[in-house]
Amino acid sequence: MLVTTRLASGWHRHATTIRLGVLDPADAVDLFTRVLTQHGSHNIDGIDMVCAELGHLALAIDQAAAYCAETGTSPNIYLDMLDRWPAEMLDSAAQGGDSARTIARIWRLTLDRLTDTPLAGDLLRLLAWYAPDRIPRDLLNGVAAPPGLAAAIGKLAAYNMVTDNHNGTLSVHRLVQALARTPDPHDPHRRTDDISHARDHAAELLAAAYPDDSHNPANWPRYQALIPHTDALTTHHAPDYDTTHTATALSQAAVYREGQGALASALHAHQRALTTYERVLGADHPDTLASRNHLAGAYQAAGDLGRAIPLFEQTLTDVERVLGADHPDTLASRNNLAGAYRAAGDLGRAIPLFEQTLTDRVRVLGADHPSTLTSRNNLAVAYDAAGDLGRAIPLYEQTLTDAERVLSSGNPMIAALRANLEGARSTSDPNTG
């Protein structure tokens with residue numbers, strides 16, 4: 001006896017269960033083609049793309065193919081309508097089809113059964129804003145008390161609304177996500193305010209989940225795990241709906257990508273984040289100023305000093321006015337501008353600015369602060385670039401000694417200082433080494 005059900009749990013005492021996944025891509029295309037052409041030839045261009053967009057889910061493919069066959073809609077046009085009107089298309093059944101078994105109806109009936117666990121609907125609307133696969137389960141920490149959170153995830157998994165991958169991640173089928181993101185005045189599980197709240201909550205959770213230091217290789221797996229979900233979140237809605245949490249997640253992802261050399265995507269994210277900060281917080285808010293500084297740094301990394309330097313100059317002027325000359329952010333901004341001058345070959349402006357920044361950092365932060373060590377190294381590099389090895393080498397030596405004493409042995413600055421010192425000594429004495 002074969003019994004089919006959407007309920008995955010509770011069968012271990014009565015039967016052997018076999019979990020059915022989605023179709024293989026080739027089988028999905030074959031099913032769509034057979035349904036579409038059963039009564040005659042049809043335009044089949046784009047079937048593979050429709051099947052991929054439907055996540056190779058058999059019910060959705062059967063539903064879409066029957067709709068295309070009945071209405072004469074080509075697969076490519078169906079794909080466009082699915083993108084523009086997902087709720088309507090996923091609730092459409094062909095004449096003679098089972099209207100109670102459309103994707104939208106099954107979604108609603110399932111959540112109706114979970115009304116005793118309201119957190120389940122909240123979670124589904126929240127997860128809808130992330131990428132469909134490998135959603136870190138710990139992103140949801142704090143959404144509810146652990147017992148309630150585990151129970152809600154378990155209920156959703158039991159009804160196959162989410163998949164627990166048993167490796168610390170969750171997956172949600174993309175069609176379920178599309179429905180959960182699309183308001184429907186006739187569906188109590190898809191009220192506009194609830195969906196908007198879920199979107200903003202998803203951004204808040206992402207912003208809080210990023211580590212602080214994108215330069216530390218130990219943090220890279222976490223960045224790599226979160227970035228696809230930041231990309232999905234910001235793809236699924238217009239920038240006008242971005243919050244400061246969205247901007248923070250974008251900025252964190254962009255800083256990491258910039259360090260990995262993905263400059264085009266980093267620039268786009270920095271620009272979008274800055275636009276949001278300016279709109280929400282105003283031009284003089286410290287977060288806006290920091291975002292502007294990040295954008296200038298990305299321009300510099302991309303070799304666009306013509307845009308980087310004016311933006312660094314504007315930011316330094318604004319930071320000094322808003323935060324004061326001795327604020328750490330001001331000192332960092334001054335150091336960044338000096339670095340841009342050096343990159344442009346303008347050592348006449350770079351060196352005095354590096355010297356001023358080092359003096360101020362020693363006074364404000366102390367001689368052993370990591371930012372002070374960075375300033376000392378930057379000044380030595382500028383002396384080196386100017387051919388002033390008489391000042392560069394002693395400064396490299398002093399900074400390396402201090403860095404080895406203050407920083408951990410694996411800190412990247414120590415390796416950079418050693419390389420800089422070795423290079424300067426080789427230049428001073430070509431026979432060295």
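In this predicted model, a search of the whole structure finds 30 salt bridges. A few of these pairs are worth a closer look, together with the setting of each partner.

One of the pairs is formed by the side chains of Asp 231 and Arg 257, with an N to O distance of 2.6 Å. This contact links distant parts of the chain, since Asp 231 lies in helix H11 (residues 220-235) and Arg 257 in helix H12 (residues 244-259), 26 residues apart. The two partners can be told apart by their accessibility: Asp 231 is partly exposed, at a relative accessible area of 28%, whereas Arg 257, at 19%, is buried, because the buried class covers values under 20%.

A second pair joins Arg 272 to Asp 242, whose closest N and O atoms are 2.7 Å apart. Here too, distant parts of the chain are linked: Arg 272 belongs to helix H13 (residues 263-281), while Asp 242 sits in the loop between H11 and H12, 30 residues apart. Both Arg 272 and Asp 242 are buried.

Turning to Arg 307 and Asp 304, their side chains meet in a salt bridge at 2.8 Å, N to O. Arg 307 has a relative accessible area of 47% and is therefore partly exposed. Asp 304 likewise counts as partly exposed, with a relative accessibility of 23%.

Salt bridges also connect into a network, made up of Glu 278, Asp 284, Arg 292, Asp 318 and Arg 321. Such contacts fit a simple principle: side chains of opposite charge can pair when their charged atoms come close.

Conventions:
Residues are numbered from 1 along each chain as its sequence is written. This is a predicted model: local features need pLDDT of at least 70, side-chain atom pairs count only at pLDDT 80 or more; totals for chains, interfaces and linings use all residues. Side-chain values use heavy atoms; hydrogens and water are left out. A salt bridge is a side-chain nitrogen of Lys or Arg within 4 Å of a carboxyl oxygen of Asp or Glu. Helices (H or I, at least four residues) and strands (E, at least two) are DSSP runs, numbered from the N terminus. Buried means under 20% relative accessible area, exposed over 50%, partly exposed in between (1.4 Å probe, protein chains only).
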